[in-house]
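This note is offered to a colleague who is new to the structure. The points below may be read with the sequence and the model side by side.

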Amino acid sequence: MPQTDKQICIPPELPELLKQFTKAAIRTQPQDLIQWAADYFGSMSRGEIPPVGERSERVALSNWAELTPELLKILHSRVGGRLIIHADELAQMWKVLNLPTDLFNSVMNVGRFTEEIEWLKFLALSCSSLGVTIAKTLKIVCEVLSSDHDGGPPRIPFSTFQFLYTYIAEVDGEISASHVSRMLNYIEQEVIGPDGLIKVNDFTQNPRVRLE
């Protein structure tokens, strides 16, 4: 193949464009991601509004179960505390719960997961399909992960919250790393108690905690 010194110029606006695309894909969760991507970028090139829809606007197929925090909690229990799970095994668990295949594929595509899946990242993106905001998404994640059975507020280790918040904010693409760092530092120094756990109320009802 002939060599060439010609350099490929990457438009400076490309990173922001891809961030917006990723966020739109999470919000819309199209059945056919490739076709939807073609429609999305086609609309953008024509100066039209891209086909982005809220989850509630999609027509659910009657033979699929609706994803709920309760079903995600069942799924989490079946993962059995593993940090990594094989895609085929997770897909089978998802199928047994009769959850929509298109939603599974959408999460796989948005998270760029391959054969070995980081379970907490997959769970976070699944919860984001239920949460309108990052705070709502993290609230759902806490409810799924919490193992408290005493009727108290859901709570998880701060280290887990830190990992999930950082990842969700990165995927969202509209929250600066410096803002995430400031919020995490404040929560760790001013909110977290000796037990090292964070409760839902700590980040949903504290006016000084603004996750977005």
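1. In this predicted model, α5 supplies the largest share of the lining of the largest cavity, namely three residues. The residues that line the largest cavity are I26, Q29, S106, V107, V110, L125 and S128. Two or more residues of this lining come from each of α5 and α6. By class, the lining of the largest cavity holds four nonpolar and three polar residues, and no charged ones. The volume of the largest cavity is about 40 Å³, and the count of cavities of 30 Å³ or more comes to one.

2. The second largest pocket encloses about 400 Å³ of space. Its lining consists of 14 residues, and those nearest the centre are L18, T22, V110, R112 and V171. The elements giving two or more residues to this lining are α1 (14-28), α5 (101-110) and α8 (158-172). Among the elements, α1 gives the most, with five residues. The lining of the second largest pocket comprises seven nonpolar, three polar and four charged residues. V110 deserves attention, as this residue appears both in the lining of the largest cavity and in that of the second largest pocket.

3. R112, one of the residues nearest the centre of the second largest pocket, is located in the loop between α5 and β2 (116-118). Although R112 is not a glycine, its phi is positive, at about 55°. Most residues other than glycine have a negative phi. Is R112 buried or exposed? R112 is exposed, and its relative accessible area is 71%.

4. N98 is likewise a residue other than glycine with a positive phi, in this case near 60°. N98 is found in the loop between α4 and α5. With a relative accessible area of 33%, N98 is partly exposed.

5. Helix α3 spans residues 69-79, and L71, L72, L75, H76 and V79 are buried in this helix. Why do they lie on the same side of α3? They do so because they cover an arc of only 145° around the axis. An α-helix has 3.6 residues a turn, so residues three or four places apart point the same way. The buried residues of α3 pack against four elements: β1 (84-86), α4 (87-96), α6 (119-128) and α7 (134-145). One of these elements, α6, also gives two or more residues to the lining of the largest cavity.

6. The residue G80 comes just after α3 and takes a positive phi of about 70°.

Note on methods:
Residues numbered from 1 in each chain as written. Predicted model: local features only at pLDDT ≥ 70, side-chain atom pairs only at ≥ 80, totals over all residues. Heavy atoms only, no water. 1 Å grid on protein atoms, 1.4 Å probe; cavity = no way out; pocket = protein on both sides within 12 Å on 5 of 7 lines; lining within 4 Å. Points joined across faces, edges and corners; volume = space filled by probe spheres on them. Nonpolar A, V, L, I, M, F, W, Y, C, P; charged D, E, K, R; others polar. Buried < 20%, exposed > 50% of the residue type's maximum accessible area, 1.4 Å probe, protein only. Arc of directions from axis to C-beta. Contact = heavy atoms within 4.5 Å.
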